[in-house]
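Here's a quick tour of a protein model, written for someone who'd rather be at the bench. Have a look at the structure first, then read on.

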Amino acid sequence: DAPGILINGAGNRAARNLIFNATHMAILVYGNDHIIEKNEIHDVAREASDAGALYMGRNPSEFGNVIRHNYISDSVEGVRVIFGSPDTVIEGNTITNARGSGARGIVVQNGPRTVVRGNVISGNQAQGFWAIHLLHDPGDTNAGEVGKGDPVDVVIEGNVIASSANGIRIEAGRGIVMRNNELREISGTAVDISRGAQVITE
């Protein structure tokens with residue numbers, strides 16, 4: 001299924017859109033230096049198990065994208081960055097009422113130097129939900145595993161995670177920095193860092 005908005009090329013902006021009742025992702029982003037901001041998205045990816053409302057990444061040449069001040073609710077995932085797309089800023093978004101088993105707020109697979117800052121992720125009680133999840137990316141198996149790797153030099157700072165099933169999960173990564181995040185009313189695990197992941201807490 002096609003996304004609500006497909007962005008390609010460089011330097012484009014998608015702002016102040018209302019996207020809802022979609023079977024797949026709301027906004028699919030390819031290319032670099034795009035700004036995705038001030039959109040309202042709800043009830044999307046209703047027939048998908050691994051598609052974020054905002055989905056970004058195809059290869060490491062897709063850099064410098066900004067996802068900020070969007071409101072996302074009632075989706076299986078909020079924002080996902082995959083396939084080694086570097087230098088993404090995910091900032092000031094609100095993600096609430098995620099639905100479906102294994103739902104997640106923000107997912108970073110590989111994504112070198114991604115900054116996850118100042119987001120509010122609350123009211124997500126779906127079974128197995130994680131607000132922020134960093135993990136290994138196996139790469140694109142249809143393109144010689146391009147984008148394969150672990151998150152590197154990712155910064156997670158100033159986020160508020162509240163009234164949710166679980167908080168921050170780091171399965172893999174090097175040089176990960178966590179600082180000044182507020183986690184409250186977490187019914188499960190607040191922070192889960194896997195053995196081998198290199199995380200600096202400040």
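What follows goes from the whole protein down to a handful of residues.

**The big picture**

Keep in mind that this is a predicted model. If you go looking for helices, you'll come up empty: the protein has zero of them, next to 23 strands. Its radius of gyration is 15 Å, close to the 17 Å that the globule rule gives for 202 residues, so the protein is as compact as a globular protein of that length. Drawn along the principal axes, a box of roughly 35 × 35 × 25 Å holds the C-alpha atoms.

How much of the protein counts as buried? The figure is 52% of the 202 residues. As for the outside, the protein exposes about 8300 Å², with carbon and sulfur atoms supplying 44% of that area. Take the contacts between residues at least 6 apart in sequence: 61% of them join residues at least 24 apart.

On the charge side, there are 17 positive and 23 negative side chains, and the centres of these two sets sit 2 Å apart.

**Four residues to click on**

| Residue | Where it sits | Relative accessibility |
|---|---|---|
| Q109 | strand 13 (residues 104–109) | 9%, buried |
| N110 | loop between strand 13 and strand 14 | 7%, buried |
| R117 | strand 14 (residues 115–117) | 29%, partly exposed |
| D153 | loop between strand 16 (130–135) and strand 17 (155–157) | 41%, partly exposed |

Let's start with R117. Which side chain does the side chain of R117 make a polar contact with? That would be E91, at 2.9 Å. Leaving out residues up to four places away in sequence, R117 touches V89, I90, E91, G92, E157 and N159. G64 is 53 residues from R117 along the chain, and their C-alpha atoms are separated by 15 Å.

Now for Q109. Because its relative accessibility is 9%, under the 20% cut-off, Q109 counts as buried. Setting aside neighbours within four places in sequence, Q109 is in contact with R80, V81, I82, F83 and G84, and also with L135, H136, D137 and P138.

**Two backbone oddities**

Most residues other than glycine have a negative phi. N110 has a positive one, about 65 degrees, although it is not a glycine. D153 isn't a glycine either, and its phi is positive too, near 55 degrees. Both residues are in loops, but N110 is buried, whereas D153 is partly exposed.

Note on methods:
Residues are numbered from 1 along each chain as its sequence is written. This is a predicted model: local features need pLDDT of at least 70, side-chain atom pairs count only at pLDDT 80 or more; totals for chains, interfaces and linings use all residues. Side-chain values use heavy atoms; hydrogens and water are left out. Helices (H or I, at least four residues) and strands (E, at least two) are DSSP runs, numbered from the N terminus. The radius of gyration is taken over C-alpha atoms; the globule rule is 2.2 Å times the number of residues to the power 0.38. Buried means under 20% relative accessible area, exposed over 50%, partly exposed in between (1.4 Å probe, protein chains only). Contact means heavy atoms within 4.5 Å. Accessible areas come from the Shrake-Rupley method with a 1.4 Å probe; for residues, only the protein chains shown count as cover. Lys and Arg count as positive and Asp and Glu as negative; His and the chain ends are not counted. The place of a charge is taken as NZ of Lys, CZ of Arg, CG of Asp or CD of Glu. A polar contact is a pair of N or O atoms within 3.5 Å; within protein, one must be able to donate a hydrogen and the other to accept it, and residues adjacent in sequence count only if both atoms are side-chain atoms.
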